[in-house]
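Subject: Handover of a structure, with notes

Dear colleague,

I am passing on a structure for you to look through, and my notes on it follow below. Please keep the structure open while you read, so that each residue can be found in turn.

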Amino acid sequence: EDVLKLQRWTEILNSPKQVRPLFRHFRRIDACLQPREAFRGSDEIFCRVYTPDHSYVTIRSRLSCRVGEILALVREKLQYSEDQPVLPGNLVLVAVTSAGEKAVFRPSDEAVFTTLGVNTHLFTCEPSELDSLLPLPEEIHWTPGDSKLHDMSAEEVANQLVAFDWELFSCVHEVEFVCYVFHGEQSRWRPLNLELVLQRCSEVQHWVATEILQCQSLPKRVQLLRKFIKIAALCKQQQDLLSFLAVVLGLDNPAVSRLRLTWEGLPGKFRKQFQQFESVADPSRNHKSYRDLITSLRPPLIPFTPLLLKDLTFLHESCKTFHGELVNFEKMVTMDTETSPPHLQTKAYVRQLQVIDNQNLLFDMSCKLEPKDT
């Protein structure tokens, strides 16, 4: 029996197919603490697909599989589901955002998992049920309360942001940029890892707004504001311009920038520092301030990816510049061997941010904190 067990473990360890849950769909602590590896189209992942009543089936499929294959797997699961006594007819696959917006996929679409937004989920239904699809309840409700961020140092949070960004960015091959910009929907394969980096940029922006707007105490909101400005400064110092600008843009969210009482409580030194950061994010004169900053830095660095893609649309030669920025980037990745509970807690928190990305909901939260007449 022991020999059989040893043989079984040997087979598992030597197996070329390892199921790697996609970080956007599963928030398990043990999975999120593992170093991020590059995704390939042949990788297998687990994903939930919801039905109109918000029940779901969990499927296992290749990352690059077509929508038609996903629907076939869903139908097979539903066939054996006690909650689905009658097998549905013609099914469609739909992405539903937290704001209720819907996008119906074509059967030939591939690798749709990585195209989903921060709080967007896959639904399946018959065409006649499209209008009945609603976001998941947890995506449209919020609970005010103190943030875990209060108990974490800005230095530790910034370090974890930078480390995770390097892991994500190091998974992106230069070819993915070319395919994303120049081939679009005509590409034979999707730039899976690049799309995850773009998702992360959006996620960090909404994380900043979510944390501030969930905080009911004015003094604590001011503390969070100071902490985020310090986090942005530390990310900039470590040449992670992705998280640096994502944090700045999160603070510039209209639902946050309108909090007059909160911003007035900020010490003058922090206001001045944030104004300098805003100037870097200023898009005027073709993002001159940002470009001046990039020119002053020596690689390796993590550029602000959305702007890099914009440049690549117009400048084919930017690919060479980009490659130069990544030379020896591995030297920037900090060895992360700390295993103390507080460290692991911060690491898990940064890698599985809980965010609200519905702008209407964020604005409602803002108005409840500081009504327009205050």
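Helices (H or I, at least four residues) and strands (E, at least two) are here DSSP runs, numbered from the N terminus. This is a predicted model, in which local features need pLDDT of at least 70 and side-chain atom pairs count only at pLDDT 80 or more, whereas totals for chains, interfaces and linings use all residues. Residues are numbered from 1 along each chain as its sequence is written, and side-chain values use heavy atoms, with hydrogens and water left out.

To begin with the whole protein, there are 17 helices and five strands. Of the 374 residues, 47% are buried, where buried means under 20% relative accessible area, exposed means over 50%, and partly exposed lies in between (1.4 Å probe, protein chains only). If a contact is taken as heavy atoms within 4.5 Å, then, among the contacts with a separation of 6 or more, 71% are between residues 24 or more positions apart.

Turning to the strands, β1 (residues 44-50) and β2 (residues 56-62) pair in the antiparallel sense over seven bridges, pairing being assigned if DSSP finds at least two bridges between two strands. E44 has R62 in β2 as its bridge partner, and in the hairpin of these strands, with five residues between them, H54 takes a positive phi near 75°. A second antiparallel pairing, over five bridges, joins β3 (residues 92-96) to β5, and there V96 stands opposite H121 of β5. Strand β5 (residues 121-125) is mostly covered, since four of its five residues are buried. T120 belongs to the loop between β4 (102-104) and β5; T120 is buried as well, at a relative accessible area of 11%, and, leaving aside residues up to four places away in sequence, T120 touches A95, V96 and T97.

Next comes helix α12 (residues 268-281), whose 14 residues reach 20 Å from the first C-alpha to the last, close to the 20 Å expected at 1.5 Å a residue; the expected span is 1.5 Å times one less than the number of residues. Which residues of α12 are buried? They are F270, F274, F277, V280 and A281. Seen down the axis of α12, these buried residues fall within an arc of 100°, so they line one face of the helix, the arc being that of the directions from the helix axis to the C-beta atoms. The buried residues of α12 pack against α8 (218-237), α9 (241-251), α11 (260-264) and α13 (284-296), while the face turned away from the buried side carries the exposed residues G268, K269, K272 and Q275.

Some backbone details deserve a careful look. Most residues other than glycine have a negative phi, and most peptide bonds are trans. In helix α13, however, N286 has a positive phi near 55°, and H287, also found in α13, has a positive phi near 60°. N286 is partly exposed, with a relative accessible area of 46%, whereas H287 is buried at 15%. The peptide bond from P299 to P300 is cis, with omega near 10°, and P300 is found in the loop between α13 and α14 (305-314).

Two further residues show contacts between distant parts of the sequence. P306, in helix α14, is partly exposed at 32% relative accessible area, and its C-alpha atom is separated by 7.0 Å from that of L198, although the two are 108 residues apart along the chain. Not counting residues up to four places away in sequence, P306 touches L198, C201 and L242. H206, in helix α7 (residues 192-214), counts as buried at 17% relative accessibility, and with the same exclusion H206 touches V355, I356, D357 and L362.

Finally, there are the rings. A search of the whole structure finds seven aromatic pairs, where rings of Phe, Tyr and Trp (its six-membered ring) pair if their centres lie within 6.5 Å, and planes under 30 degrees apart count as stacked, over 60 as edge-to-face and the rest as tilted. Y50, Y56 and F123 form one aromatic cluster. R258 lies over the face of F363, at 5.8 Å from the ring centre; a charge sits over a ring if NZ of Lys or CZ of Arg is within 6 Å of the ring centre and within 35 degrees of the ring normal.

With best wishes
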